[in-house]
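I opened this two-chain model with a fresh page and a short list of things to look up. Here are my notes, in the order I made them.

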Amino acid sequence: MRSIPDEQFRSWSHGLLRSDEKSYAELFEASYDALFGYALYITHDQAAASDILQDVYLKLWQVRETIDPERSLRALMYQMVRNFALNHERQRKRHAAEAIEDDHPSVRFDTVNDDELDAAKLKENLQLWIDEMPQRRREAFMLSRFEGLSHEEIASLMDLAPKTVNNHIVLALQHIRKKLDAFREMESSFD
Amino acid sequence: MKREHTYHLPTEALEGLNEAQQRDIQDMWDLCGAVAPITPAAQRKADVKAHVMAAIRDERERENARPALRLVRSSDLFASVSYRIAAVAAAMVVGLAVVLSPDADHYRALPGAVAEQISLSDGTDVLLAAGSRLSVPGSFGSEDRTVVLHGEAFFEVEPSALPFVVKTADARTTVLGTSFNVRSWPGSMSEATEVIVESGRVAVANKELEAIVEPGEAVTVSPFALTPVETTPSYRLAWRDGGFSYDNVLIGTIIDDVERRFDVQVKAPASIRLRPVTIHRNEVTDAAEFLGDIAATISVRYRATANGFEMYLD
């Protein structure tokens, strides 16, 4: 979504204001993957993420006449996904008896050589280290690293000070550094 | 759409760190690029898209089924941009003329009465609600028939080739010959201009859109939308005979009307003002009785004060 110019979002906003289906469909195509990723950071559940996005896009159509083209539609959509996803999380925690989903399909190693195996293993570990961070730290980091949102945009989305966002991101990277050191030490002890 | 994982580390993240720490942070940032975000399953995405597109088409069909407003872009109404600019310029001149022209007539319905009956030079009759103002420029009737309204009025417009235009804070209401009601109280709790049509067709516009409103229909205007309102026009026009009629309206808005109509002060906390009620009274001659009815509807108390009334919670 970062690569889509503000101009384009403004044009979609105007399209929504006049109930233009074509603008709506374009916006869906352009924004779905990134918003799906964001819903997934929060829920860790692909089925829930699609449900959340379905609700978000329906809601967007319902409120289309109140959209202000001078305000960022991109920020509005991230905010809607966040609200729906956090709401989903609250409900899920209320029904905590549910089974824990398998979030991390294991990587298959049978057909890869040693180098690829190392790369795959490292990638799998990186994913684990990211997942084990506190929720808000992971959210700030993922938005910065994979969605290209600025500190200011993340701060406004998560209702934090930009300085706090920066702290989260630095701490996230330092956390991964520490984990990586420990991982390499363990690997070399097997050699 | 392809996802990008090539974002740069925001420079803020390196501030206040020594060289080795900066290198570490940068390395970890680059390394994490390997963790591509999970892309949604194509089939599931297609299902979601099909579902939401079907839902919005359903909604549009429902909207078309009811005698809805036909929305047209203002820009589509004017064939050329220059014509549109000319129209805007003309509107601004009219607006200025109304404000500046010393020969404009200013009508005012004083608080404490039901309404003021006015006959304009073209034969149009206006019933001006208590506390409302109507400005009629000196040019009225020669090149146009434009009036400026602050408040609420019912118009019975004399048919003529010259369009009759009512300007309010956020809307222009244009007609040829018809009867309709315009309500616009800027700064109040329900400040959006509301137009109710009794007979004939009326064009209502904000800066962006224009809608044609048919007899028996009502519309509210906000800067970005024209919204049809479900209402019973005969009820909503009860004010002309001293009645009060509200369908799910905030008490704060009703209190404003009561204050103007009876020239009294009504005190009420926000917790009461923000509650919506539905109430209809044909002829109200006594403020105390009507406020008592409202208070009873929502189970709050009221009492007389030196210059009016107070509604309060126990």
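**Entry 1: helix 8 of chain B**

I started on the outer side of helix 8 of chain B, where Glu289(B) and Ala296(B) are exposed. For the record, I call a residue exposed if 12 or fewer other C-beta atoms lie within 10 Å of its own, buried if there are 20 or more, and partly exposed in between, with C-beta atoms placed from the backbone. My helices (H or I, at least four residues) and strands (E, at least two) are DSSP runs, numbered from the N terminus.

Which residues of helix 8 (residues 287-297) of chain B are buried? I found Phe290(B), Leu291(B) and Ile294(B). They cover an arc of only 95 degrees around the axis, which puts them on the same side of helix 8 of chain B. The arc is taken from the directions that run from the helix axis to the C-beta atoms. The cover over these buried residues includes helix 6 (251-262), strand 17 (276-281) and strand 18 (301-305) of chain B. After helix 8 of chain B comes Ser299(B), with a positive phi near 55 degrees.

**Entry 2: ground rules**

I noted that this is a predicted model, in which local features need pLDDT of at least 70 and side-chain atom pairs count only at pLDDT 80 or more, while totals for chains, interfaces and linings use all residues. Residues are numbered from 1 along each chain as its sequence is written, and chains are lettered from A and ligands numbered from 1 in the order in which they are written.

**Entry 3: the two chains**

I counted eight helices and zero strands in chain A, while chain B has eight helices and 19 strands. Of the 191 residues in chain A, 31% are buried; of the 314 in chain B, 29% are.

I then looked at contacts, meaning pairs of residues whose C-beta atoms, placed from the backbone, lie within 7 Å. In chain A, 65% of the contacts between residues at least 6 apart in sequence join residues at least 24 apart. In chain B, residues 24 or more positions apart account for 44% of the contacts with a separation of 6 or more.

**Entry 4: where the chains meet**

How many residues of chain B are in contact with chain A? I get 32 residues of chain B, in contact with 41 residues of chain A. Helix 1 (19-32) and helix 2 (42-65) of chain B are the elements that give two or more residues to this side of chain B. Helix 2 of chain B gives the largest share, nine residues. By type, this side of chain B has 21 nonpolar, three polar and eight charged residues. Here Ala, Val, Leu, Ile, Met, Phe, Trp, Tyr, Cys and Pro count as nonpolar, Asp, Glu, Lys and Arg as charged, and the others, Gly among them, as polar.

**Entry 5: helix 1 of chain B**

I stayed with helix 1 of chain B, which has 14 residues and reaches 20 Å from its first C-alpha to its last, close to the 20 Å expected at 1.5 Å a residue. The expected span is 1.5 Å times one less than the number of residues.

Its buried residues are Ile25(B), Met28(B), Trp29(B) and Cys32(B). Seen down the axis of helix 1 of chain B, they fall within an arc of 105 degrees, so they line one face of the helix. Glu19(B), Ala20(B), Arg23(B) and Asp30(B) are exposed on the other side.

**Entry 6: the cores**

I looked for nonpolar cores, each a set of buried Ala, Val, Leu, Ile, Met, Phe, Trp, Tyr and Cys residues joined through C-beta atoms within 7 Å. The largest has 55 residues, and those with the most contacts inside it include Leu128(B), Phe180(B) and Leu291(B). Leu291(B) is a name I had already met among the buried residues of helix 8 of chain B. Strand 6 (residues 145-156) of chain B gives the most to this core, six residues.

Why does this core lie between domain 1 (70-233) and domain 2 (242-312) of chain B? Both domains give residues to this core, so it lies between them; the domain bounds come from an automatic or database domain assignment. Another core, of 50 residues, lies apart from it, with Leu40(A) and Phe84(A) among its members.

**Entry 7: two loop residues of chain A**

I closed with Ser19(A), in the loop between helix 1 (6-17) and helix 2 of chain A, where phi is positive, near 60 degrees, in a residue other than glycine. Asp159(A) also has a positive phi, about 60 degrees, and sits in the loop between helix 7 (151-158) and helix 8 (162-190) of chain A. Ser19(A) is partly exposed, with 16 other C-beta atoms within 10 Å, whereas Asp159(A) is exposed, with 8.

Terms used
Two residues are in contact if their C-beta atoms, placed from the backbone, lie within 7 Å.
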